[in-house]
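The paragraphs below walk through a model, starting from its charged side chains and ending at its helices. Please keep the sequence and the coordinates open while reading.

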Amino acid sequence: MTDTLLIGLYALAAGGVVGLAGAAALRLLRGRSILVHILVLLAVTVLAVVAGVATVAQAMFLSAHDLWVVLVTVSASAVISLAVGAIFGRRLAAAAVWARAARERERRLEAGRRELVAWVSHDLRTPLAGLRAMAEALEDGIIHDPAVVDEYHRRIRMETDRMAQLVDDLFELSRINAGALRLMPTTVPLGDVVSDAIAGVAPLAARRRIHLVAADSGWPDVRAGERELARIVSNLLINSVRYTPEDGSVHIAAGHESDNVWLAVSDTCGGIPGEDLDRVFDVAFRGERARTPAAADSGGGGGLGLAIVRGLVEAHGGRVNVANTDRGCRFEVRLPAT
């Protein structure tokens with residue numbers, strides 16, 4: 001019994017030394033990745049066993065041959081344990097990182113949903129109040145001047161169109177987020193889509209004296225859903241026109257590379273603060289502070305346009321990004337080549 005207790009104490013002492021060294025190593029590596037911590041914990045566990053066995057074997061006064069056999073056996077087992085542990089440790093670390101990223105994404109989405117509800121509530125309440133006031137004035141016969149009546153009718157139609165656009169954006173965004181978007185890819189001439197989008201945004205650009213400049217050539221074909229691609233281009237152009245000061249310009253160009261087709265929309269908005277670049281494509285992020293105060297009077301939407309662009313681009317297997325230029329910013333969409 002005494003020998004057994006002594007053996008246990010030897011093993012405990014040897015394992016304790018390794019454990020303390022491992023605790024010190026973990027403290028020094030506390031800022032490193034999860035995988036590093038897993039590997040250190042695994043190494044400490046295996047080395048504690050090896051140290052305990054080696055210490056007990058040494059204390060038992062084994063012959064040199066027997067001690068060598070014990071050490072080789074324990075070392076081989078330690079190598080196998082470390083190898084298997086490292087393989088599954090990497091998987092565990094990857095799963096932990098993925099889970100943390102998923103939780104963080106869910107928190108951002110939830111924050112985005114709350115912000116979206118707040119923005120939509122504001123954007124619906126304001127035009128509804130105006131519509132109600134104008135409708136009551138017309139209904140009660142307070143307004144008699146034909147010119148004022150016509151102006152009220154025009155403003156009612158404009159506010160109705162604005163609300164319809166907001167509802168359409170919400171529906172599109174809900175389809176994207178719910179995974180209900182069903183693409184019907186065809187080979188689409190990108191030049192034709194850009195031409196139609198420019199024609200659609202031309203009235204807004206004319207009111208703000210924004211010059212729309214499209215490349216003369218280099219428009220490739222792209223494999224995409226025609227309606228969704230048109231929405232991407234239109235939203236990018238509308239966004240750039242809204243946030244570009246009067247007498248500015250918006251340039252649009254495209255090209256074809258080995259494995260993708262790119263489309264770039266550049267404006268003279270003055271640039272986006274660095275801290276806002278990562279939030280540009282978030283739901284309900286408008287960022288008037290980031291660009292120009294003049295955007296407020298251009299009939300801005302609910303801050304959903306760029307979020308829809310990102311959702312539609314990713315649904316095509318592509319990516320979209322934004323970067324500052326000398327005079328403004330440049331939005332670039334890349335889609336897989338046909």
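Which residues are linked with Arg227 and Glu228 in a network of salt bridges? The other members are Asp168, Glu172 and Arg231. A salt bridge here is a side-chain nitrogen of Lys or Arg within 4 Å of a carboxyl oxygen of Asp or Glu, and by this rule the count comes to 13.

This is a predicted model, in which local features need pLDDT of at least 70 and side-chain atom pairs count only at pLDDT 80 or more, while totals for chains, interfaces and linings use all residues. Residues are numbered from 1 along each chain as its sequence is written, and side-chain values use heavy atoms, with hydrogens and water left out.

Within the network, Glu228 and Arg227 meet through their side chains at 3.3 Å, N to O. Glu228 is buried, at a relative accessible area of 6%, whereas Arg227 is partly exposed at 43%. Buried means under 20% relative accessible area, exposed over 50%, and partly exposed in between, with a 1.4 Å probe and protein chains only.

Another salt bridge joins Glu257 to Arg334, with the closest N and O atoms 3.0 Å apart. This pair links distant parts of the chain, 77 residues apart: Glu257 sits in the loop between β4 and β5, and Arg334 belongs to strand β7. Helices (H or I, at least four residues) and strands (E, at least two) are DSSP runs, numbered from the N terminus. Glu257 is partly exposed, with 35% relative accessibility, and Arg334 is buried, with 13%. A further salt bridge connects the side chains of Arg330 and Glu332 at 2.7 Å, N to O. There, Arg330 is the partly exposed partner, with a relative accessible area of 29%, and Glu332 is buried at 12%.

Turn next to the sheet. Five strands form an open sheet in the order β2-β4-β5-β7-β6, with mixed pairing; two strands pair if DSSP finds at least two bridges between them. At the edges are β2 (211-214) and β6 (319-324), each of which pairs on one side only. From one strand to the next, the twist averages 15°.

The pairing can be followed strand by strand. Four bridges hold β2 and β4 (residues 249-256) in the parallel sense. Leu212 has Val250 in β4 as its bridge partner, and Ala214 stands opposite Ile252 in β4. β4 and β5 run antiparallel and are joined by seven bridges; they form a hairpin with three residues between them. Ile252 stands opposite Val265 in β5.

Which helices pack on this sheet? α5 touches β2, β4 and β5 (260-267), and its direction makes about 175° with that of β2. α6 (residues 226-243) lies across β2, β4, β5 and β7 (329-336), running at about 175° to β7. Contact means heavy atoms within 4.5 Å. Axes are lines fitted to C-alpha atoms, for helices over the stretch in contact, and angles run from 0 to 180 degrees between N-to-C directions.

The two helices also pack on each other, at an angle of about 35° and with their axes 9 Å apart. The residues in contact include Val194, Ile198 and Val201 of α5 and Leu229, Val233 and Leu237 of α6.

In soluble globular proteins, nonpolar side chains tend to be buried together. A nonpolar core is a set of buried Ala, Val, Leu, Ile, Met, Phe, Trp, Tyr and Cys residues joined through side-chain atoms within 4.5 Å. The largest one here has 47 residues, of which Leu229, Val233, Leu236, Leu237, Leu263, Phe331 and Val333 touch the most other members. Helix α5 (residues 190-207) supplies the largest share of this core, seven residues.

Helix α7 (residues 305-315) comes last. Its buried residues are Leu306, Ala307, Ile308, Val309, Gly311, Leu312 and Val313. These buried residues pack against α4 (146-177), α6, β6 and β7. Just after α7, Gly317 takes a positive phi of about 80°.
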